[in-house]
Amino acid sequence: MSKIVIDLMGGDAGSEITIKAIKSYLNSVKIDENNDSFILVGDNKALESLSEVKDKPYIKLVKSKTVVAMDVDPMSALKDKESSLMVAVKELLDNDYDSIISAGSTGALLTASIFKIKRIEGVKRPGLITTLPTYIENKKTVMLDLGANLENTAEELAQFGLLGSIYYNLAFNEAKPKVFLLNNGTEEEKGRNEHKEAHQLLKNDSRINFVGNIEGREVLSGNADVVVSDGFSGNIFLKTTEGTVKLVTSLLKDAIYSSTKTKIAGLLLKSKMSEFKEKLNYKNIGGAMLIGVNKIVIKAHGSSDEKAFLSAIKLANDLGNKKLVEKVKEKLKENN
């Protein structure tokens, strides 16, 4: 069952990409007209592009007048009630839908989520969580926080361990995900005071399968199911990793085309290179979820193309079907 609200206007490419992704999604899945429904929010031009689906009983088109700028002050964005983002948030809450997706301003979406959608009772700080590839075939790691917060207390870091465990359990059907704390060394006494305190809190939480500290170079090794980080460090790690992937891909391409012999070798390795590229492609993930608020909030990449935004829709549908928010609420009540 999908009940998803989509901000058509967010993102670098505006509505062109999001509309293509929506059409692709609707054409690729079997819609249950009694349970599936979508609210699509955009300006007149965007809504006109969806004329072919406007009469579908599971589609509701809602007009907005403005678009939140990427560099807007997040609190100011809340005041623009006619922006596609704020109209989408209002539709989400008024119709009690499960999920909202936007490729727009991260700060505005996070602020609207905290002040309008609100935190789940007992959650200290929501965090951005996403799935990362690893060296091991078909093995994934999830990491949070990836930038929703600049700083985090020990208690918040410890709770990220629980939220990440719940997410991983639902996403990958792993009963006891292995949780690690990102740090500058694996020894228990390493790190700043909040990391040392978080280490102890994680170790003593019976709901969490905490293994210990992990260094940045080991995050993608496949040993960790969940990696906990403060938002500042997590965001830097994520962007550094994305940059490294681009560098490695570029260097491999240059090496392959450097001579006739390497071009021939490149042809022989073409299928494997395609597999390598696909494994590291962020477009297969779609974006990050803000975990810890009362709805499923998916922040799609600002530079999303059709494939990336389509992945974001699939992610929202999957997490909604698995009742992630309800599971978080249930788990937080345990041992409290």
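Trainee: Is the crossing in which α4 passes α5 left-handed or right-handed?

Mentor: Happy to start there, keeping in mind that this is a predicted model. Helix α4 covers residues 84-94 and helix α5 covers residues 106-117. Their axes are 11 Å apart and make an angle of about 35°. The crossing of α4 past α5 is right-handed.

Trainee: How do the residues of the contact of α4 with α5 divide into nonpolar, polar and charged?

Mentor: Let's look at each side in turn. Helix α4 brings Leu-85, Met-86, Val-89, Leu-92 and Leu-93, while α5 brings Ala-108, Leu-109, Ala-112, Lys-116 and Ile-117. Lys counts as charged, and the division comes out as nine nonpolar, no polar and one charged.

Trainee: Which residues have the most contacts inside the largest nonpolar core?

Mentor: Nonpolar side chains tend to be buried together in soluble globular proteins. Here the largest such core has 59 residues, and helix α6 (residues 154-172) gives the largest share of them, 10 residues. A second, separate core holds 37 residues, including Leu-132 and Val-293. Inside the largest core, the residues with the most contacts are Leu-8 and Ile-101.

Trainee: Which residues does Leu-8 touch, not counting residues up to four places away in sequence?

Mentor: Nice follow-up, as Leu-8 is one of the two residues with the most contacts inside the largest core. Leaving out those sequence neighbours, Leu-8 touches Gly-14, Ser-15, Thr-18, Ile-19, Ile-22, Leu-40, Val-41, Gly-42, Ala-46, Leu-47 and Leu-50.

Trainee: Let's turn to charges. How many residues apart in sequence are the parts that the pair Glu-82 and Lys-65 ties together?

Mentor: The structure holds 14 salt bridges, and in this one the closest N and O atoms of Glu-82 and Lys-65 are 3.6 Å apart. Glu-82 counts as partly exposed at 41% relative accessibility, whereas Lys-65 counts as exposed at 58%. Glu-82 sits in the loop between α3 (74-77) and α4, and Lys-65 in the loop between β3 (59-63) and α3, so the pair ties together parts whose separation in sequence is 17 residues.

Trainee: Asp-205 meets Arg-207 in a salt bridge. Is Asp-205 buried or exposed?

Mentor: The N to O distance between the two side chains is 3.1 Å. Buried means under 20% relative accessible area. Asp-205 has 16% relative accessibility, so Asp-205 counts as buried.

Trainee: How far apart are the closest N and O atoms of Asp-318 and Lys-322?

Mentor: Both partners count as partly exposed, Asp-318 at 30% relative accessibility and Lys-322 at 27%. They form a salt bridge, and the closest N and O atoms are separated by 3.3 Å.

Trainee: Which residues do salt bridges that share partners join into one network?

Mentor: Side chains of opposite charge can pair when their charged atoms come close. Here, shared partners link several charged residues into one network, and its members are Arg-192, Glu-194 and Asp-230.

Trainee: What separation do the C-alpha atoms of Lys-307 and Ser-24 have?

Mentor: Lys-307 belongs to helix α11 (residues 306-321) and counts as partly exposed at 33% relative accessibility. Along the chain, Lys-307 and Ser-24 are 283 residues apart. Their C-alpha atoms are separated by 9.1 Å.

Trainee: Is Ser-2 buried or exposed?

Mentor: Ser-2 lies in the segment before β1 (3-7). Beyond its neighbours within four places in sequence, its contacts include Tyr-25, Phe-38, Asn-317 and Asn-321. The relative accessible area of Ser-2 is 3%, so Ser-2 is buried.

Trainee: Now for the backbone. Which residues does a cis peptide bond join?

Mentor: The clue is an omega of about 0°. One partner, Asp-145, lies in the loop between β6 (140-144) and α6. The cis peptide bond joins Leu-144 and Asp-145.

Trainee: What phi does Asp-96 have?

Mentor: Asp-96 is in the loop between α4 and β4 (99-102). Asp-96 is exposed, with a relative accessible area of 53%. Although Asp-96 is not a glycine, its phi is positive, at about 50°.

Trainee: And what phi does Lys-118 have?

Mentor: Lys-118 lies in the loop between α5 and β5 (127-133) and counts as partly exposed at 46% relative accessibility. Lys-118 is not a glycine either, yet its phi is positive, at about 75°.

How values were computed:
Residues numbered from 1 in each chain as written. Predicted model: local features only at pLDDT ≥ 70, side-chain atom pairs only at ≥ 80, totals over all residues. Heavy atoms only, no water. Axes fitted to C-alpha atoms, helices over the stretch in contact; angles between N-to-C directions. Helix = DSSP H or I, 4+ residues; strand = E, 2+ residues; numbered from the N terminus. Left-handed = near helix turned anticlockwise from the far one by under 90°. Contact = heavy atoms within 4.5 Å. Core = buried A, V, L, I, M, F, W, Y, C linked by side-chain atoms within 4.5 Å. Buried < 20%, exposed > 50% of the residue type's maximum accessible area, 1.4 Å probe, protein only. Salt bridge = Lys/Arg side-chain N within 4 Å of Asp/Glu carboxyl O.
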